[in-house]
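Biologist: Let's go through this model together. Could you take my questions one at a time and show the reasoning behind each reply?

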Amino acid sequence: MHEPILTRPLHNGTQKLYRFPNNYGASVVQHEFSHGNKENLWELAVIQFHSEANEDYTLTYATPVTDDVIGNCDEAQIHYLLEHIEQLPPCPPTNLS
């Protein structure tokens, strides 16, 4: 089972951040603006880390996993998507500064 590196409040809900050795990860949210919130479901976005800092990331829409956010996910779907993100080819860190 994947464990988030960070869980924090966001927009009257929750955000969980996941990070994998390939420099990809996921932002998994359930809050007042997320797709599926009213049904107690989650929304996932693929993220790319740009350094060793866990807060240094951006959403990425350029992976085979998805070209957008994925809403209305239950726990099993989140686990499935995290498995696919973890298996992406490594992406070297980029410096955005």
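Modeller: Sure, and a definition to start: buried means under 20% relative accessible area, exposed means over 50%, and partly exposed is in between, using a 1.4 Å probe and protein chains only. Bear in mind that this is a predicted model, where local features need pLDDT of at least 70, side-chain atom pairs count only at pLDDT 80 or more, and totals for chains, interfaces and linings use all residues. Residues are numbered from 1 along each chain as its sequence is written, and side-chain values use heavy atoms, with hydrogens and water left out.

Biologist: Does E55 count as buried, partly exposed or exposed?

Modeller: Its relative accessibility is 48%. Buried would need under 20% and exposed over 50%. Because 48% falls in between, E55 counts as partly exposed.

Biologist: Which residue forms a salt bridge with E55?

Modeller: A salt bridge here is a side-chain nitrogen of Lys or Arg within 4 Å of a carboxyl oxygen of Asp or Glu. A search of the whole structure turns up 1 of them. The closest N and O atoms are 3.2 Å apart, and the partner of E55 is R8.

Biologist: How many residues apart are R8 and E55?

Modeller: The pair links distant parts of the chain. R8 sits in strand β1 (residues 6-10) and E55 in the loop between β4 (42-49) and β5; strands are DSSP runs of E with at least two residues, helices are runs of H or I with at least four, and both are numbered from the N terminus. R8 is partly exposed at 26% relative accessibility. Along the chain, the two are 47 residues apart.

Biologist: In what order do the elements run from the N terminus on?

Modeller: The protein has 1 helix and 6 strands. Reading from the N terminus, the order is β-β-β-β-β-β-α.

Biologist: Which backbone oxygen does the side chain of Q30 reach?

Modeller: Q30 lies in strand β3, residues 24-30, and is buried because its relative accessible area is 15%. Contact means heavy atoms within 4.5 Å, and beyond its neighbours within four places in sequence, Q30 has contacts that include G13, N37 and W42. At 3.0 Å, its side chain reaches the backbone oxygen of L41.

Biologist: And T66, which backbone oxygen does its side chain reach?

Modeller: T66 is in the loop between β5 (57-59) and β6 (70-73). It counts as buried because its relative accessibility is 11%. Setting aside neighbours within four places in sequence, T66 touches V46 and Y61. At 3.1 Å, the side chain reaches the backbone oxygen of D68.

Biologist: What separates the C-alpha atoms of L82 and H2?

Modeller: L82 belongs to helix α1, residues 75-86, and is buried, with a relative accessible area of 3%. Leaving out neighbours within four places in sequence, its contacts are H2, Y18, F20, A26 and L44. L82 and H2 are 80 residues apart along the chain, yet their C-alpha atoms are separated by 7.6 Å.

Biologist: What share of the contacts with a separation of 6 or more comes from residues 24 or more positions apart?

Modeller: For background, 41% of the 97 residues count as buried. The C-alpha atoms fill a box of roughly 35 × 25 × 25 Å along the principal axes. Among contacts with a separation of 6 or more, residues 24 or more positions apart account for 49%.

Methods: Polar contact = N/O pair within 3.5 Å; in protein donor to acceptor, adjacent residues only side chain to side chain.
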